[in-house]
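Please open the model in your viewer and keep the sequence panel visible. The tour below proceeds by selection, with a short account of what is found at each stop.

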Amino acid sequence: MNALEYVPVPAFEDNYIWLVSDGRNAVAVDPGEAAPVQAYLAKRGWRLSAILLTHHHRDHVGGVADLLKGQSVPVYGPAGEAIEHLTYRLAHGDRVSIAEPALELTVLDVPGHTSGHIAYFQASDPRGTPHVFCGDTLFACGCGRLFEGTPAQMLDSLDALAALPGATEVHCAHEYTLSNIRFALACEPGNAQLVAWRDEAAARRARNVPTLPTTIAHERAVNPFLRAGEPAIQAALADQLHETVPDRLTAFALMREWKNRFR
Ligand code: ZN
Ligand code: FE
């Protein structure tokens, strides 16, 4: 089997619309706008064969109607959210089989950012690498804001993503990495791998290169929202926020609130 290509197409200020292609056909994940997708497909001579949606926010679904004009393309999305144009309504454990490009995906419920948010896990590409498309749940060195869910829901969702194989390539929907790293360093200044990643990520952004995909193993090592149980992080939170931090859920909730106002 031929290799698949995973391309982050920039949209809006800082969104990525991921395209997965076998060189002829492409699947688009979370096309918040149509024009950048259409331009990229035209440049490569690819045909759109399916659309995958993770949640209902405008910057993830806004391009669907235009992409469907003049063509019939199946649209996969969460059963638990009000989204137009869905062909298939998915929930935890559902399988998605796409013929071209050949993709077998498993659906994970990952509520927190929105209440019906789903992620798509591909256990193996033709080279044996796993992939996950996680929308606005897990970001490089960060996680989504809690618009509709509770800290406990989001922590469960992040735990489920963190439990995927370490080699899993993580295809997040935003380029938030540099600001996330600044916050992560406030939570865990002594994390040497995080310090090294700051320099590497800054160098990539200076060349206008995406910092994504990241991997689950890397996120476990540097992402403070996957490390809420670390004593060093809990001590930093207690110190910075003058709070007692009795457990990892409290640590996670305090960290998420702190991030909302962190500049
Ligand atoms: Zn969102
Ligand atoms: Fe978003």
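Helices, as named here, are DSSP runs of H or I with at least four residues, numbered from the N terminus. The model is a predicted one.

**First stop: Pro-36**

Select Pro-36, which is placed in helix H1 (residues 35-44). Then add its contacts: leaving aside residues up to four places away in sequence, Pro-36 touches Val-9, Pro-10 and Ala-11. For Ala-11, the C-alpha to C-alpha distance to Pro-36 is 6.5 Å, although the two are 25 residues apart in sequence.

**Second stop: the metal site**

Select the zinc ion (ligand 1) and display its protein donors: His-55 through NE2, His-57 through ND1, His-113 through NE2 and Asp-136 through OD, at 2.2 to 2.3 Å from the ion. In the sequence panel, these donor residues follow the spacing H-x1-H-x55-H-x22-D. What are the angles at the zinc ion (ligand 1), and what arrangement do they make? The four donor atoms subtend 86 to 172°, and the arrangement is therefore irregular. The cut-off behind this is that four tetrahedral donors need all angles between 85 and 135 degrees.

Next, add the iron ion (ligand 2), which is 3.2 Å from the zinc ion (ligand 1). Asp-136 coordinates both ions. Show the backbone around two of the zinc donors: His-113 is in the loop between strand S8 (103-109) and strand S9 (118-122), while Asp-136 is in the loop between strand S10 (131-135) and strand S11 (138-139), so this pair ties together parts 23 residues apart in sequence.

**Third stop: helix H5 against H6**

Select H5 (residues 177-187) together with H6 (residues 192-206); they pack at about 160°, with axes 10 Å apart. That angle makes H5 roughly antiparallel to H6, and the crossing is left-handed. Display the side chains of the contact: Thr-177, Leu-178, Ile-181, Ala-184 and Leu-185 from H5 meet Leu-194, Val-195, Trp-197, Arg-198, Ala-201, Ala-202 and Arg-205 from H6. By class, the contact of H5 with H6 holds nine nonpolar, one polar and two charged residues.

**Last stop: helix H5 against H9**

Keep H5 selected and add H9 (residues 248-261), where the packing angle is about 130° and the axes are 11 Å apart. H5 is thus oblique to H9, and their crossing is right-handed. Here Asn-180, Phe-183, Ala-186 and Cys-187 of H5 meet Met-255, Trp-258 and Lys-259 of H9. The contact of H5 with H9 divides into five nonpolar residues, one polar and one charged.

Methods. Residues numbered from 1 in each chain as written. Chains lettered and ligands numbered in written order. Predicted model: local features only at pLDDT ≥ 70, side-chain atom pairs only at ≥ 80, totals over all residues. Heavy atoms only, no water. Axes fitted to C-alpha atoms, helices over the stretch in contact; angles between N-to-C directions. Parallel < 35°, antiparallel > 145°, perpendicular 65-115°, else oblique. Left-handed = near helix turned anticlockwise from the far one by under 90°. Contact = heavy atoms within 4.5 Å. Nonpolar A, V, L, I, M, F, W, Y, C, P; charged D, E, K, R; others polar. Donors = N, O, S within 2.8 Å, 3.2 Å for Na, K, Ca; no water. Tetrahedral: all angles 85-135°; square planar, octahedral: opposite > 155°, others 65-115°.
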